[in-house]
Amino acid sequence: MDILPLQEVSCTNDLLPFTATRGVLDIRMGVLTLREKWERLLGPNNAALTEDPNTPALPANILPTRALAARIREEFSRAGGPLTQAAIDRIITHGRLIRYPWHIFQHNAEAIIEDFEILTAGRHSQPIPSSVQAVNPESIFIEVDAKLSNCILNASTGPIYIGRNVEIMDGALIRGPFAAGEGAVVKMGAKIYGATTLGDFSVAGGEIKNTVFFGCSNKGHDGYLGDAVIGEWCNLGAGTSASNLKNNAADIRVWHPASGGWINAGPKCGLLMGDYSRSAVNTTFDTGTIVGVCCNIFGQGTPPKYVPDFSWGVAGTVVYEWDKALRDIANWKKLKNQTLSEGQIQRLKHIFDAL
């Protein structure tokens, strides 16, 4: 099989703020990123980005699945070489495009179910500890070195995947579909509904529903978060809550930075927060709020429904000073024994300079 060409130029702006700091293929849904899914489905290096506008290519924001991979192999076999535009068009009709940020949580359940099957096929789970109450245990998979104690895992509504070195503390209540990546922590008494993903080294507490944490982010305390996407290196202060449903049950309109207009996201949409952003204790977010990259939200009142990149304070009108922003990110990374790379600094500087 030839290398599957992927093209991300046409979809990058629609997926802001998450594509401001990463490529489309590094978006996490289910357990894995889109890139990791392709590697497992087609093999390493068998799918690659192309910048050639004349090369027929699959959009990078299509959700990889086993069925889609089978269709791709079928089209390659039929073509006997590089895929034609007609072949690409046929493949797209069998896939799901993740066009806007809210599609990440809207389709996270199917992504968890798909990744669960991919990751656990032909493998055996670690034993479920005797102190853990498990419902539908055949749909629970625990990787090595995970620590679970006196919690409830209910997989009757979807599978539950517990990654390496994950800790699920006493009294946590978890309903599937649910996935916790390596080193993630679920705090005592947390209430988590599907379809929720905790990316690697994320921390979850309070009440959470249908939310994707990309990785290394914290919601460690009480407060509600539902139908949401949280980027990397974010921190939600104690008591932070985000509305995901209007009190008149009408559809929610979300700001679309690329077009400068509002787009209907459906009846439920909570917080969409870009990388390196934080909220102070007891912050309240309105339905369908977008928070950009590297924002420090604090002060009285509700933040606006669109908080631009590098905002300082609650109003979204003051710019976070570059040196302070970099210092604060470094401090948060230090808490998880990591540092900012030169590449990450340059990408953030590009965003900052464009303000």
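**Helix α7 and residue Gln344**

Good morning. I begin just after helix α7, where Asn337 takes a positive phi of about 60 degrees. Please keep in mind throughout that this is a predicted model.

Let us turn to helix α7 itself. Helix α7 comprises residues 322–335, 14 residues in total. At 1.5 Å a residue, a span of 20 Å is expected, and the C-alpha atoms at the two ends lie 21 Å apart, so the expectation and the model agree.

Which residues of α7 are buried? They are Trp322, Ala325, Leu326, Asp328, Ile329 and Lys333. Around the axis, these residues cover an arc of only 165 degrees, and they therefore lie on the same side of α7. On the other side of the helix, Asp323, Lys334 and Leu335 are exposed.

What covers the buried residues of α7? The cover includes β26, at 278–279, β29, at 296–297, and helix α8.

Helix α8 brings me to my second subject, Gln344. Helix α8 runs over residues 342–353, and Gln344 is found within it. Is Gln344 buried, exposed or partly exposed? The relative accessible area of Gln344 is 28%; because buried means under 20% and exposed means over 50%, Gln344 counts as partly exposed.

Leaving aside residues up to four places away in sequence, Gln344 touches Tyr276, Lys333 and Thr339. Of these, Lys333 has already appeared among the buried residues of α7.

Finally, I draw your attention to Thr21. Thr21 and Gln344 are 323 residues apart along the chain, yet their C-alpha atoms are separated by 7.9 Å. Thank you for your attention.

How values were computed: Residues numbered from 1 in each chain as written. Predicted model: local features only at pLDDT ≥ 70, side-chain atom pairs only at ≥ 80, totals over all residues. Heavy atoms only, no water. Helix = DSSP H or I, 4+ residues; strand = E, 2+ residues; numbered from the N terminus. Buried < 20%, exposed > 50% of the residue type's maximum accessible area, 1.4 Å probe, protein only. Contact = heavy atoms within 4.5 Å. Expected span 1.5 Å × (residues − 1). Arc of directions from axis to C-beta.
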